[in-house]
Amino acid sequence: WERPVLAAARKGQGFAGWVRNYARKPWSIAYTYTNPEGQTVPGYPDFVVFRRDSGHVVVDLLEPHHTGNADSLANVKGLCKFAEQHGDNFGRIEWIKIEGSQIKRLNVNSAQLRARVLATNVDSAIDSLFEAYGTTETAPAID
């Protein structure tokens with residue numbers, strides 16, 4: 001999942017660079033969520049992408065994630081809460097999945113989308129949110 005997402009970012013308009021957001025480093029960007037066992041744990045968006053937009057550098061957080069995991073809904077809700085608190089420091093904050101050759105994105109830096117995600121209580125509803133509010137693109141060929 002990570003390779004096509006990164007390839008798409010690199011081909012995007014204004015792409016300037018990227019950093020792998022490694023877990024548990026002093027410089028890592030992290031959000032928290034409550035896992036199925038009731039513990040508060042950190043989540044780390046996989047990529048920090050830098051792009052130029054109107055002469056400024058914009059920072060995006062990209063989190064490719066398998067939906068259907070036991071903690072998927074809790075994880076995306078944690079990312080939404082992070083976006084509520086820190087979203088003004090970023091461009092896009094995206095929860096991403098791959099279906100076949102399609103990259104599907106939810107920009108949780110949108111207040112409207114965050115409200116929908118936070119109101120969801122069923123893991124399988126994430127797929128409906130992707131269908132109703134997500135964007136889709138064909139994954140580029142990987143170099």
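In this predicted model, Lys 104 and Glu 131 form a salt bridge, with 2.9 Å between the closest N and O atoms. Lys 104 belongs to strand β7 (residues 102–107) and Glu 131 to helix α4 (residues 125–133), so the bridge ties together parts of the protein that lie 27 residues apart in sequence. The two partners differ in exposure: Lys 104 counts as buried, at 10% relative accessibility, whereas Glu 131 counts as exposed, at 55%. The cut-offs behind these words are under 20% for buried and over 50% for exposed.

Other charged residues are linked in a network. Arg 51, Asp 60, Arg 92, Glu 94, Arg 105 and Glu 137 are joined into one network by salt bridges that share partners. Over the whole structure, the search finds 11 salt bridges.

Two further pairs can be followed in detail. Arg 20 forms a salt bridge with Glu 2, and the closest N and O atoms are 3.3 Å apart. This pair also links distant parts of the chain, since Arg 20 sits in strand β1 (residues 15–20) and Glu 2 in helix α1 (residues 2–11), 18 residues apart. Arg 20 is partly exposed, with a relative accessible area of 24%, and Glu 2 is partly exposed as well, at 31%. In the other pair, Lys 97 forms a salt bridge with Glu 99, with 2.8 Å between the closest N and O atoms. Lys 97 is buried, its relative accessible area being 2%, while Glu 99 counts as partly exposed at 35%.

Helix α4, which holds Glu 131, also holds Phe 130. Phe 130 counts as buried, with 3% relative accessibility, whereas Glu 131 counts as exposed. The C-alpha atom of Phe 130 is separated by 9.4 Å from that of Trp 95, a residue 35 positions away along the chain.

Trp 95 leads to the nonpolar interior. The largest nonpolar core has 22 residues, and Trp 95 is among those with the most contacts inside it, together with Val 76, Ile 93 and Val 108. Two or more residues of this core come from each of β2, β5, α2 (72–86), β6 (93–99), α3 (111–118) and α4. Helix α2 gives the largest share, six residues. Another core lies apart from this one; it has 10 residues, including Val 5, Leu 6, Leu 62 and Ile 96.

The backbone deserves a look at two loop positions. Most residues other than glycine have a negative phi. Arg 24 is not a glycine, yet its phi is positive, at about 60°. Arg 24 is found in the loop between β1 and β2 (31–34), and it counts as exposed, at 63% relative accessibility. Ser 54 is likewise not a glycine and has a positive phi, of about 55°. The place of Ser 54 is the loop between β4 (47–53) and β5 (56–64). Ser 54 counts as exposed, with a relative accessibility of 67%.

These details fit into an overall layout of four helices and eight strands. Along the sequence, the elements follow the pattern α-β-β-β-β-β-α-β-β-α-α-β. The radius of gyration is 15 Å, close to the 15 Å that the globule rule gives for 143 residues, so the protein is as compact as a globular protein of that length. Taken along the principal axes, the C-alpha atoms fill a box of roughly 40 × 35 × 25 Å.

Of the 143 residues, 43% are buried. The accessible surface comes to about 7,700 Å², and carbon and sulfur atoms account for 47% of that area. Among contacts between residues at least 6 apart in sequence, 60% join residues at least 24 apart. The bridge between Lys 104 and Glu 131 is an example of a link across such a separation, its partners being 27 residues apart in sequence.

Key. Residues are numbered from 1 along each chain as its sequence is written. This is a predicted model: local features need pLDDT of at least 70, side-chain atom pairs count only at pLDDT 80 or more; totals for chains, interfaces and linings use all residues. Side-chain values use heavy atoms; hydrogens and water are left out. A salt bridge is a side-chain nitrogen of Lys or Arg within 4 Å of a carboxyl oxygen of Asp or Glu. Buried means under 20% relative accessible area, exposed over 50%, partly exposed in between (1.4 Å probe, protein chains only). A nonpolar core is a set of buried Ala, Val, Leu, Ile, Met, Phe, Trp, Tyr and Cys residues joined through side-chain atoms within 4.5 Å. The radius of gyration is taken over C-alpha atoms; the globule rule is 2.2 Å times the number of residues to the power 0.38. Contact means heavy atoms within 4.5 Å. Accessible areas come from the Shrake-Rupley method with a 1.4 Å probe; for residues, only the protein chains shown count as cover.
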